[in-house]
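Trainee: I have a new structure open and would like to go through it with you. Can we start with a single residue and work outwards?

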Amino acid sequence: MSTSHQIRHIRITPIAFRDPPLLNAAGIHEPWALRSIIEIETASGLVGINESYGDQPMLDALAKAAPALVGLSPWALNEMEVRVAALVTPPKLTASEFLGQQVSLAPGTHVSKTVAKVVSAFEVAMLDLQGQMAKAPIVDLLGGPARDRVPYSAYLFYKYAEHVDQPYAPDAWGEALTPAQLVAQARRMIDQYGFQSIKLKAGTLPPEQEAAGILALAEAFPGTPLRIDPNGNWTVETSLKIVQQLRGVLEYYEDPAPGLDGMAAVARECDVPLATNMVVTDFAEFRRNADMGCPVKIVLSDHHYWGGLRATQRLSTLCRTFDLGLSMHSNSHLGVSLVAMTHLCASVPLLTYACDTHYPWQDEEVVEGGRLQFEQGSLRVPTTPGLGVTLDREALARLHDNYLHCGIRNRDDLGQMRKYDPEFTGRQPRF
């Protein structure tokens, strides 16, 4: 390998961007979402980029592992994984931090995923470099496109009109706490982005009220595939009661009850397929689901914590082997993550359902050219080398300044919710 192609420098830039007051089972989103921008530079000056989590433990893990990449070829993904695994160990948690992990909804915040997250963060940036060197898009490095565009779903949230400690002007979406407000939110999102399926984040309001929301959506958008995701915040009894009210309405039922055992209990008496991004989040959990006869029928993957794009391709092979469906989970993110996800989804023949994305909830961007454009709810797969996007340096500096001044270093939906309700515990299942 020419020394000009060796990795010589890694830059990690934490950023923060505005996030609306979106309700979930763990609490409510804080005013700022945290991410990190990874840049891997070769001796010749080529720069590969990626976007990943931006909480303090992730930043610490990235900083610890980054020096081990210096001198590697961008093609040496296996060696990168070995070096990261040797250096990165999950941090020990205090009692309060452990409680936060217990009520967290995002597997990407779990310390057990630290190595996989760091591997993924570096892998995508290295693939971006490979694509630039080979003059090929990342999807071609992954075997070529199975589709030229990737479908995404409208992702609805119950939400407040503004944050209790609003540091900027309220978002344009307004309040959504009633079925009518939910339908209005969906109509606006579909009109703007063309989405052809709808997902509702549930587990926040009384279940009967959330079921009424789904039924209102079914009436307003006849024939549109609908999903509901209580994030494990309903008991098995409640899960079965609500799914009966929604018979003939749901495309799939995502994480109604907590834990794989709870999901299995629901599956035994429910003819709607169960999906998850909470109980099958790594290969060991996949094996347990298989050993139990696959009560979970649809895996909602996420390359950020599954270990990268190639690891998710391996997951796809397992899903096909066990006759399981596959789609993709999302968290608050910007365009670098979204375009990486699009390359991945295009490379996976088995993509059974439109993917999740929080992208409509963000109004900032860090890539040149601004916000990515959906066409009838789908994104076209880039055909230019690597990821197909580059960083807007002014935007990066602005979002980094947000990080420096926002005062948030770890996502805390529970703590944010206690500003509204000091008695809120976030314990699951609540209903």
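Trainee: Is D255 buried or exposed?
Mentor: D255 counts as buried, because its relative accessibility is 1% and the cut-off for buried is under 20%. Keep in mind that this is a predicted model.

Trainee: Where does D255 lie?
Mentor: D255 is in the loop between strand 10 (250–254) and helix 9 (259–268). Its phi is positive, about 45°, although D255 is not a glycine.

Trainee: Why point out the sign of phi?
Mentor: Because most residues other than glycine have a negative phi.

Trainee: What about K135, what is its phi?
Mentor: K135 also is not a glycine, and its phi is positive at about 55°. It sits in the loop between helix 4 (114–134) and helix 5 (138–141).

Trainee: And is K135 buried or exposed?
Mentor: K135 counts as exposed, because its relative accessibility is 68% and exposed means over 50%.

Trainee: Back to strand 10. Which sheet order is it part of?
Mentor: The order is 7-8-9-10-11-12-13, an open sheet of seven strands with parallel pairing. At the edges are strand 7 (154–157) and strand 13 (325–328), each pairing on one side only. From one strand to the next, the twist averages 25°.

Trainee: How many bridges join strand 7 to strand 8?
Mentor: Four bridges, and the two strands run parallel. Y155 has K199 in strand 8 as its bridge partner.

Trainee: Which strands does helix 7 lie across?
Mentor: Helix 7 (residues 207–220) lies across strand 7, strand 8, strand 9 (226–229) and strand 10, and it runs at about 165° to strand 9. Helix 12 (residues 309–321) lies across strand 12 (296–301) and strand 13, at about 155° to strand 13.

Trainee: Changing topic: what kind of peptide bond joins Q428 and P429?
Mentor: A cis peptide bond, with omega about -5°. P429 is in the segment after helix 15.

Trainee: R418 is in that segment too. What does it touch?
Mentor: Leaving out residues up to four places away in sequence, R418 touches F424 and T425. R418 is partly exposed, because its relative accessible area is 35%, between the cut-offs of 20% and 50%.

Trainee: Last one: where does pLDDT stay under 50?
Mentor: Over residues 95–103, for which the model has 13 contacts beyond four places in sequence. The protein chain averages a pLDDT of 95, and 95% of the residues score at least 70.

How values were computed: Residues numbered from 1 in each chain as written. Predicted model: local features only at pLDDT ≥ 70, side-chain atom pairs only at ≥ 80, totals over all residues. Heavy atoms only, no water. Buried < 20%, exposed > 50% of the residue type's maximum accessible area, 1.4 Å probe, protein only. Contact = heavy atoms within 4.5 Å. pLDDT = per-residue confidence, 0-100. Pairing = 2+ DSSP bridges. Axes fitted to C-alpha atoms, helices over the stretch in contact; angles between N-to-C directions.
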